[in-house]
Amino acid sequence: MKKSILLIACFVVFLMAGSFKGHEVTSPSIEGTWELQSFYNYDGENVTDTMPKSDGYRQVKMYSKEKIMWTRYVPDDPNGRFGYGSYRITDDQLIEVIEYGDDEMMKALDTMRNFTFELILNEDTFSQISVDADGNRTFSENYRRID
């Protein structure tokens, strides 16, 4: 009888220990669809100016596991803009490598294909921050998750 009670008690303790898992911390993912909300200007470190996007201006980025596609609509520009490529994220950087895009993007790709940004990523927002050669923040695009 004592062995049965001891065995049941051990089993209960084992079950209870398994139910007290620590809180698992998960990092937010950039996978999904994001829409540009605003721009920031920086003084090297701090935001000095917030600029909302202009009326009718739309920019959307879509990230899958390894690929990115972005599109932009500007009411005064009859030609849409888009780009496609791959990306990767390090601890605090977003690195986009654009493979092809619209005519204007293809001209720009002759001089630059790799775009590296400081990344601040939250569950439903992210900012991609441009930095100068000395590592000072200059400008950011700020996005909100739409899917």
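**Fold, surface and aromatic pairs**

The protein exposes about 10,100 Å², of which carbon and sulfur atoms supply 55%. The model behind this value is a predicted one. Buried residues account for 28% of the 147 residues in the protein. Of the contacts with a separation of 6 or more, 41% join residues that are 24 or more positions apart.

The secondary structure consists of 2 helices and 9 strands. Read from the N terminus, the order of the elements is α-β-β-β-β-β-β-α-β-β-β.

A convenient place to begin looking around is Thr 33, which belongs to strand 1, residues 32-44. Thr 33 has a relative accessibility of 16% and therefore counts as buried, since the cut-off for that class is under 20%. Leaving aside residues up to four places away in sequence, the contacts of Thr 33 fall on two stretches of numbering: Val 60, Lys 61 and Met 62, together with Arg 144, Arg 145, Ile 146 and Asp 147.

The aromatic side chains deserve a paragraph of their own. A pair of aromatic rings is described by the distance of the centres and the angle of the planes. Rings are taken to pair if their centres lie within 6.5 Å, and by this rule the count comes to 9 aromatic pairs. In one of them, the ring centres of Tyr 40 and Tyr 42 are 6.3 Å apart and the planes stand at 75 degrees, so the pair is edge-to-face; the cut-off for this class is over 60 degrees. The two partners fall into separate accessibility classes: Tyr 40 is partly exposed, at a relative accessible area of 25%, whereas Tyr 42, at 12%, counts as buried.

Phe 82 and Tyr 100 likewise make an edge-to-face aromatic pair, with 6.4 Å from centre to centre and 80 degrees between the planes. Because Phe 82 lies in strand 5 (residues 81-89) and Tyr 100 in strand 6 (residues 93-101), this pair ties together parts that are 18 residues apart in sequence. Phe 82 has a relative accessible area of 28% and is partly exposed. Tyr 100 counts as partly exposed too, at 42% relative accessibility.

Ring pairs also build up a cluster, whose members are Trp 34, Tyr 63, Tyr 87, Phe 126 and Tyr 143.

Definitions and conventions
Residues numbered from 1 in each chain as written. Predicted model: local features only at pLDDT ≥ 70, side-chain atom pairs only at ≥ 80, totals over all residues. Heavy atoms only, no water. Helix = DSSP H or I, 4+ residues; strand = E, 2+ residues; numbered from the N terminus. Buried < 20%, exposed > 50% of the residue type's maximum accessible area, 1.4 Å probe, protein only. Contact = heavy atoms within 4.5 Å. Areas by Shrake-Rupley, 256 points an atom, 1.4 Å probe, with all protein chains shown as cover. Phe/Tyr/Trp six-rings, centres within 6.5 Å; stacked < 30°, edge-to-face > 60°.
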